[in-house]
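Colleague: Hi! I'm new to this one. Could you walk me through it?

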Amino acid sequence: MYTVAVKRDFVAQHFLIGGDWGSENQWHSHHYQVEVQLAGAALDKHGYLVDIVDIQTHLEELVAYFRDKTLNETPEFEGLNPSLEHFARIFCQALADRIQASNLSAITVKVWEHENAWATYRQEL
């Protein structure tokens, strides 16, 4: 099984809802890092699982969409607590909709909200 990964960072804001999490219930920023991992058993005719430029293009579009926004105010988080877990799933599903490669078997997105806290979501294709 092959895996190729690309990582980016950006700043976005949120505030947690639905529980008492102290200061996390207040609007605040995080310096997020997102790592996209694409997996598959076969390479294409060029020896790529997926062209890294293609991955970077789609990743940059998604990062640009969330950069400097309050996650609570985006349609993707409507009615949801903007947890790290939800963010990883939303990001992964959006990326899976964008990347078209018949040899992929899974996409995993790992999102850090600081250096020692992260969540992942894996979507089988």
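Modeller: Happy to. Phe-66 is buried, with a relative accessible area of 1% (buried means under 20% relative accessible area, exposed over 50%, partly exposed in between, using a 1.4 Å probe and protein chains only).

Colleague: Is there anything I should know about the model itself?

Modeller: It is a predicted model, where local features need pLDDT of at least 70 and side-chain atom pairs count only at pLDDT 80 or more, while totals for chains, interfaces and linings use all residues. Residues are numbered from 1 along each chain as its sequence is written, and side-chain values use heavy atoms, with hydrogens and water left out.

Colleague: Back to Phe-66, then. Which residue forms an aromatic pair with Phe-66?

Modeller: Tyr-65 does, in an edge-to-face pair with 4.9 Å centre to centre and 80° between the planes. For the rule, rings of Phe, Tyr and Trp (its six-membered ring) pair if their centres lie within 6.5 Å; planes under 30 degrees apart count as stacked, over 60 as edge-to-face and the rest as tilted.

Colleague: And is Tyr-65 buried, exposed or partly exposed?

Modeller: Tyr-65 is partly exposed, at a relative accessible area of 28%. The charged end of Lys-69 also sits over the Tyr-65 ring, 4.1 Å from its centre. That label needs NZ of Lys or CZ of Arg within 6 Å of the ring centre and within 35 degrees of the ring normal.

Colleague: How many aromatic pairs are there?

Modeller: The count comes to eight aromatic pairs. One of them is Tyr-32 with Phe-87, edge-to-face at 5.1 Å centre to centre and 85° between the planes. This pair links distant parts of the chain, since Tyr-32 is in strand β2 and Phe-87 is in helix α2 (residues 84-98), 55 residues apart. Both Tyr-32 and Phe-87 are buried.

Colleague: Which residues form the aromatic cluster?

Modeller: Phe-10, Tyr-32, Tyr-65, Phe-66, Phe-77, Phe-87 and Phe-91 form one cluster.

Colleague: You mentioned β2. How do the strands go together?

Modeller: Strand β1 (residues 2-14) and strand β2 (residues 28-40) run antiparallel, joined by 13 bridges. Then β2 pairs with strand β3 (residues 106-114), also in the antiparallel sense, over seven bridges. Helices (H or I, at least four residues) and strands (E, at least two) are DSSP runs numbered from the N terminus, and two strands pair if DSSP finds at least two bridges between them.

Colleague: Can you give me a residue to follow across?

Modeller: Try Gln-37: it is the bridge partner of Ala-5, and in β3 its own partner is Thr-108.

Colleague: What comes after β3?

Modeller: A hairpin joins β3 to β4 through two residues. Strand β4 (residues 117-124) pairs with β3 in the antiparallel sense over eight bridges. Among the partners there, Trp-112 is matched with Trp-118 in β4, and Lys-7 lies over the face of Trp-112, at 4.4 Å from the ring centre.

Colleague: Why is β3 described as largely enclosed by the rest of the structure?

Modeller: Because eight of the nine residues of β3 are buried.

Colleague: New topic: what does the side chain of His-28 make polar contacts with?

Modeller: The side chain of His-30 is one partner, at 3.1 Å, and the side chain of Glu-24 is another, at 3.0 Å. A polar contact is a pair of N or O atoms within 3.5 Å; within protein, one must be able to donate a hydrogen and the other to accept it, and residues adjacent in sequence count only if both atoms are side-chain atoms. His-28 itself is in strand β2 and counts as buried, at 15% relative accessibility.
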